[in-house]
Amino acid sequence: MTSGLPFDDYRDLLRRMPEADKEARREAEARLRLLEAQGVPLGRLGELAVWLAGWQSRAQPQITRPMVTLFAGTHGIARHGISSRQANETQAMVEFCAAGGAAINQICAANDFGLKVFDLALHLPVDDISEGPAFDERGCAVTMAFGMEAIAGGADLICIGSLGVGGETVAAALLMALHGRAALDWIEPIGDPDLTERRIRLIDKAVELHGGHVKDPLEALRRLGGREIAAIAGAILAARMERVPVVLDGIVSLAAAAVLHAARPDAIDHCLLGHATTNRGQRHAAQALGLKPILDLEMGEGEGIGAAMGALVLKNAAQTFGSMTIRQN
């Protein structure tokens, strides 16, 4: 980083983010009125196309190079047994995806989506947030910078998801610190009541420990987040600077978006939510951020599946909107 403090450059980016192209949006709205006057109302498909037009600066938007990006991180808090999965399973999840065996691999292959998986020092978990900050400001800032590289390569749509054991618990703690509610509102209870109670106790402990520092969203991120959340925040911010539309997935990506939203409410205007998961914490986060899911397929968290499925709807909205012919009178 080039400034005095590691977070200063991000604060500067947040101050000077570009807006959507208003002229392209107006032209798209006019085209939508003509299309709907001669055929079936397009409803939300039309809304999505107009939204995309504004961020692509083209009245007839198109998606030709969609990319799914997954960020994997590990957490010191996972040592307390907060998941039905073992704390060391994150590496296996990444390798399974890299080998092409995961559900997201099949969706990407079937629909010609690119896929990148970012391994964020899995051998070195961030510190246990129930006992201290996840990492220092420099480490958080560097991880955000790494996440900004996710948009390299010319993708015209980025779908963001996560992999990793413990990420949902950490995301819940960060969201609770930023938006209030009880810990139970931010997690999805599972069959083991002892495990659920342990998660609640640790989230409460972490939020109480760091609660005096959450007025600064970036400080909240470095204390209560993790590498994948910091990297996702960086990716979202970089996409905004380049006007690349983003489709978000589960509670982990929403926690990252919540940090930027807390810093500047319009910071995630270039983002959509791909789907509503079965995790009520994700649904509460979507409500807090004003994000309406494209789909609700009653799917669980992880792998960016919901973001990719939502992106399919967005891609078809653009194709339909851009390729329809306006009849001449």
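Arg243 sits in the loop between α10 and β4 (246-248) of this predicted model. Its phi is near 55°, a positive value in a residue other than glycine. Most residues other than glycine have a negative phi. With a relative accessible area of 30%, Arg243 is partly exposed.

Asp112 also has a positive phi, of about 60°, although it is not a glycine. This residue belongs to the loop between α5 (103-111) and β2. The relative accessible area of Asp112 is 62%, and a residue counts as exposed over 50%, so Asp112 is exposed.

The loop that holds Arg243 follows from α10, and that helix leads to a helix contact. Helix α10 (residues 227-241) and helix α11 (residues 251-263) have axes that come within 8 Å and cross at roughly 60°. That angle makes α10 oblique to α11. The crossing of the two helices, α10 and α11, is right-handed. On the α10 side the contact is made by Glu228, Ile229, Ile232, Ala233, Ile236 and Leu237. Helix α11 contributes Val252, Ser253, Ala255, Ala256, Ala257 and Leu260. Sorted by character, the residues of this contact of α10 with α11 comprise 10 nonpolar, one polar and one charged.

The loop that holds Asp112 borders β2, and that strand leads to the aromatic residues. A pair of aromatic rings is described by the distance of the centres and the angle of the planes. The count comes to two aromatic pairs. In one of them, Phe71 and Phe118 are stacked, at 4.9 Å centre to centre and with 15° between the planes. Phe71 is in strand β1 (residues 66-72) and Phe118 in strand β2 (residues 114-119), so this pair links distant parts of the chain, 47 residues apart. Phe71 is buried, with a relative accessible area of 0%. Phe118 counts as buried too, at 12% relative accessibility, because the limit for buried is under 20%.

Phe118 also pairs with Phe146. The ring centres of Phe118 and Phe146 are 5.7 Å apart and the planes stand at 90°, so this pair is edge-to-face. Phe118 lies in strand β2 and Phe146 in helix α6 (residues 137-148), so the pair ties together parts that are 28 residues apart in sequence. Phe146 counts as partly exposed, at 37% relative accessibility. Through these ring pairs, Phe71, Phe118 and Phe146 are linked into a cluster.

How values were computed: Residues are numbered from 1 along each chain as its sequence is written. This is a predicted model: local features need pLDDT of at least 70, side-chain atom pairs count only at pLDDT 80 or more; totals for chains, interfaces and linings use all residues. Side-chain values use heavy atoms; hydrogens and water are left out. Axes are lines fitted to C-alpha atoms, for helices over the stretch in contact, and angles run from 0 to 180 degrees between N-to-C directions. Helices (H or I, at least four residues) and strands (E, at least two) are DSSP runs, numbered from the N terminus. Angles under 35 degrees count as roughly parallel, over 145 as roughly antiparallel, 65 to 115 as roughly perpendicular and the rest as oblique. A crossing is left-handed if the near helix is turned anticlockwise from the far one by less than a right angle, and right-handed if clockwise. Contact means heavy atoms within 4.5 Å. Ala, Val, Leu, Ile, Met, Phe, Trp, Tyr, Cys and Pro count as nonpolar, Asp, Glu, Lys and Arg as charged, and the others, Gly among them, as polar. Rings of Phe, Tyr and Trp (its six-membered ring) pair if their centres lie within 6.5 Å; planes under 30 degrees apart count as stacked, over 60 as edge-to-face and the rest as tilted. Buried means under 20% relative accessible area, exposed over 50%, partly exposed in between (1.4 Å probe, protein chains only).
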